[in-house]
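Hello,

Here is the structure I promised to pass on to you. Please have a look at it first, and then read my notes below.

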Amino acid sequence: MENLLKIGRMAGFALEIDFIVPSEGVWRRYIQVKVEVDVNCPFVPGFPLERDHLPDLWIHFKYEKLGNFCFGCDLLGHD
Ligand SMILES: [Zn+2]
């Protein structure tokens, strides 16, 4: 839980964590972290996860419920 809060803090102020286990059809479990973000700043796309004796692994954040979001400059307010 502490590591999940650290990951959530990379995207913003972590408020809540849910473990999502789809009931059928999808085999992947995932974690949903509710964060408070400053919408005047670009969204954090993810982070490199350091691993022992292996190259870093890029962990990509997926944001939900965004309004007009620009994938060019990672800001809200236009698309
Ligand atoms: Zn833009």
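What follows is a short tour of what was found, going from the overall fold to single residues.

Please keep in mind that this is a predicted model. The protein chain has one helix and six strands, and from the N terminus on the order is α-β-β-β-β-β-β. Along its principal axes, the C-alpha trace spans about 40 × 35 × 25 Å. The chain has 79 residues, of which 15% count as buried.

**The zinc ion**

A good place to start looking is the metal. Which protein atoms are the donors of the zinc ion? They are SG of C70, SG of C73 and NE2 of H78, and they lie 2.2 to 2.3 Å from the ion. Along the chain, the donors follow the spacing C-x2-C-x4-H. Two of these residues can be described by their accessibility too: C70 counts as buried because its relative accessibility is 12%, under the 20% cut-off, whereas H78, at 36%, counts as partly exposed.

The record has something to say about this part of the chain. An unreviewed UniProt entry carries the annotation "domain: Zinc knuckle CX2CX4HX4C" for residues 56–79. In the model, that span is 0% helix and 38% strand, and its end C-alpha atoms are 31 Å apart.

**The aromatic residues**

Next, please turn to the rings. The structure holds five aromatic pairs. One of them joins F43 and Y63 edge-to-face, with 4.8 Å from centre to centre and 80° between the planes. Why does this pair tie together parts that are 20 residues apart in sequence? The reason is where the two residues sit: F43 belongs to the loop between β2 and β3 (46–51), while Y63 belongs to the loop between β4 (54–60) and β5 (69–70). The two partners can also be described by how much of them is accessible. F43 is buried, with a relative accessibility of 8%, and Y63 is partly exposed at 24%.

Another pair is made by F69 and F71, again edge-to-face. Here the centres are 4.9 Å apart and the planes are at 90°. Is F71 buried or exposed? F71 counts as exposed because its relative accessibility is 72%, while its partner F69 is buried at 12%. If you display F43, F47, F61, Y63, F69 and F71 together, you will see one aromatic cluster.

**A salt bridge and a nonpolar patch**

How many salt bridges does the structure hold? There is one, and it is formed by the side chains of R9 and E2, at 3.9 Å from N to O. As a general point, side chains of opposite charge can pair when their charged atoms come close. Both partners are partly exposed: R9 has a relative accessible area of 47%, and E2 has one of 45%.

On the surface you can also find a nonpolar patch of about 340 Å², made by M1, F19 and I31. Of these residues, I31 is part of strand β2 (residues 30–36), and its relative accessibility of 40% makes it partly exposed.

**Some residues in the loops**

Finally, a few loop residues deserve a look. K62 is in the loop between β4 and β5 and is exposed, with a relative accessible area of 70%. K62 and Q32 are 30 residues apart in sequence, yet their C-alpha atoms are 9.2 Å apart in space.

The loop between β4 and β5 also holds K65, which is exposed at 86% relative accessible area. K65 has a positive phi of about 60° although it is not a glycine. In general, most residues other than glycine have a negative phi. D74 is another residue with a positive phi, near 60°, and is not a glycine either. D74 is located in the loop between β5 and β6 (75–76) and is partly exposed, with a relative accessible area of 24%.

I hope this helps you find your way around. Do write back with any questions.

Best wishes

How values were computed
Residues are numbered from 1 along each chain as its sequence is written. Side-chain values use heavy atoms; hydrogens and water are left out. UniProt positions are given in the numbering used here, feature names are shortened, and annotations may be inferred rather than shown by experiment. Helices (H or I, at least four residues) and strands (E, at least two) are DSSP runs, numbered from the N terminus. Patches are made of residues with over 30% relative accessible area and no salt bridge: like charges are joined within 9 Å, nonpolar side chains (Val, Leu, Ile, Met, Phe, Trp, Tyr) within 5 Å. Accessible areas come from the Shrake-Rupley method with a 1.4 Å probe; for residues, only the protein chains shown count as cover. A salt bridge is a side-chain nitrogen of Lys or Arg within 4 Å of a carboxyl oxygen of Asp or Glu. Buried means under 20% relative accessible area, exposed over 50%, partly exposed in between (1.4 Å probe, protein chains only). Donors are N, O and S atoms within 2.8 Å of the metal (3.2 Å for Na, K and Ca); water is not among the atoms, so sites may look incomplete. Rings of Phe, Tyr and Trp (its six-membered ring) pair if their centres lie within 6.5 Å; planes under 30 degrees apart count as stacked, over 60 as edge-to-face and the rest as tilted.
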